[in-house]
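Here's a quick briefing on the packing and the empty space in this one. Have the model open while you read.

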Amino acid sequence: MPVAFCAYIQDCGYGDSFKRALFYTSKQHNFPQRAACITILSMFGELTVELCEMIIVALQDDSHIQNTCYKCLTRINSIKDEKVVLNLLFSYLKSKSMNIRYITTKLLIHLSQSSLVSSEQVQRALNDLILDPSSNESLWLIEEQENTQSECHYYYVGALKDVIYSLLIQHLTREKNGMIRRNELNDIDSAFIEAESASRVASCVYETKREESLEIEKPSKIKSID
C-alpha cells in the first residue's frame with residue numbers, strides 16, 4: 001500500500017503541492033496530525049529540508065511522537081538538495097538551544113551511519129561543536145510521554161559538550177568496527193536508545209568529577225595544639 005500510494009502521488013502531477021500541504025499541516029499543535037504528516041512524508045524515502053525541520057521541531061518540543069520520528073528515519077534512503085539540507089543541519093548546530101544542537105547531532109550521526117553524509121564532514125562539525133565555548137551549557141532532555149494530556153518532563157544529563165563527546169566516540173568506534181553499513185540499519189530504535197544511554201553516562205561522569213572537585217576544595221581541618 002505505501003509503495004502504490006507513493007507511486008501515485010509522484011505520477012499525479014501535484015506531488016510537490018501535496019508534500020507542501022503536509023509540511024504546513026504539521027505546524028498545527030495536534031500530536032496525531034503532526035505524527036501522521038511526518039510518517040507520510042517519510043514514506044517517500046527522501047530527506048528534504050521540510051522533513052528535516054519537521055523531525056527536529058517534533059523531537060525538540062513534542063514528547064509524544066519521539067518513537068514515530070525515529071522509525072521514520074529508517075525509511076530515508078536519499079537526500080534531496082543535499083547541500084541545502086546539510087547547511088540547514090550545520091546551522092542548527094549553532095542554535096542557542098542545547099536541545100536542538102543535541103537532536104541535530106543525533107540526526108547527523110544517523111545520516112553518516114547510513115552512508116548518506118560524509119563521515120569526515122560530520123566528525124569535523126561535531127569537533128567544532130565540542131570546542132564551542134557555548135557547548136558548556138547544561139543539557140536537559142525531554143522524557144517520552146504516552147499520555148498526550150500529561151505535562152512534559154525533562155531530566156538533566158550534564159554539559160552538552162560531554163554528551164556530544166560520548167556520542168562522537170560511540171560513532172567512531174562503531175564505524176571503525178564496520179558494524180553499520182548502508183541499508184543495514186534494521187533497528188534504529190536501539191541506536192537511539194544507546195545514544196540516550198551515552199547521554200546518561202556523560203551525566204554520571206560529570207557528577208563524579210563534580211564531587212571530586214568539591215572534595216578537593218574542602219578546607220583541611222586544623223589540628224589542635226596540646
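How many cavities of 30 Å³ or more are there? The count comes to 3. Keep in mind that this is a predicted model. Below are notes on the second largest cavity, then the largest pocket, then the core.

**Second largest cavity**
- Its volume is about 110 Å³.
- The lining is made up of 12 residues, and Leu59, Gln66, Tyr102, Leu141 and Ile142 sit nearest the centre.
- Helix H4 (49–61), helix H5 (66–73), H7 and strand S3 (138–142) each chip in at least two lining residues, with H7 giving the most at 4 residues.
- Sorted by class, that lining is 7 nonpolar, 3 polar and 2 charged.

**Largest pocket**
- This pocket comes in at about 310 Å³.
- It has 14 lining residues, and Asp16, Lys19, Thr48, Glu50 and Lys80 are the closest to its centre.
- Helix H2 (15–25) and H4 are the elements that give two or more residues to this lining; H2 has the largest share, 5 residues.
- The class split here is 7 charged, 6 nonpolar and 1 polar.

**Nonpolar core**
- The largest nonpolar core holds 51 residues, and Ile38 and Leu89 touch the most other members.
- Helix H7 (residues 98–113) supplies the largest share of this core, 8 residues.
- Setting aside neighbours within four places in sequence, Ile38 is in contact with Leu51, Met54, Ile55, Ala58, Ile65, Cys69 and Cys72.
- As background, nonpolar side chains tend to be buried together in soluble globular proteins.

Technical notes
Residues are numbered from 1 along each chain as its sequence is written. This is a predicted model: local features need pLDDT of at least 70, side-chain atom pairs count only at pLDDT 80 or more; totals for chains, interfaces and linings use all residues. Side-chain values use heavy atoms; hydrogens and water are left out. A nonpolar core is a set of buried Ala, Val, Leu, Ile, Met, Phe, Trp, Tyr and Cys residues joined through side-chain atoms within 4.5 Å. Buried means under 20% relative accessible area, exposed over 50%, partly exposed in between (1.4 Å probe, protein chains only). Contact means heavy atoms within 4.5 Å. On a 1 Å grid over the protein atoms alone, a cavity is a set of points where a 1.4 Å probe fits but cannot get out, and a pocket is an open set with protein on both sides within 12 Å along at least five of seven lines; lining residues have an atom within 4 Å of a point. Grid points are joined across faces, edges and corners, and a volume is the space filled by probe spheres set on the points. Ala, Val, Leu, Ile, Met, Phe, Trp, Tyr, Cys and Pro count as nonpolar, Asp, Glu, Lys and Arg as charged, and the others, Gly among them, as polar.
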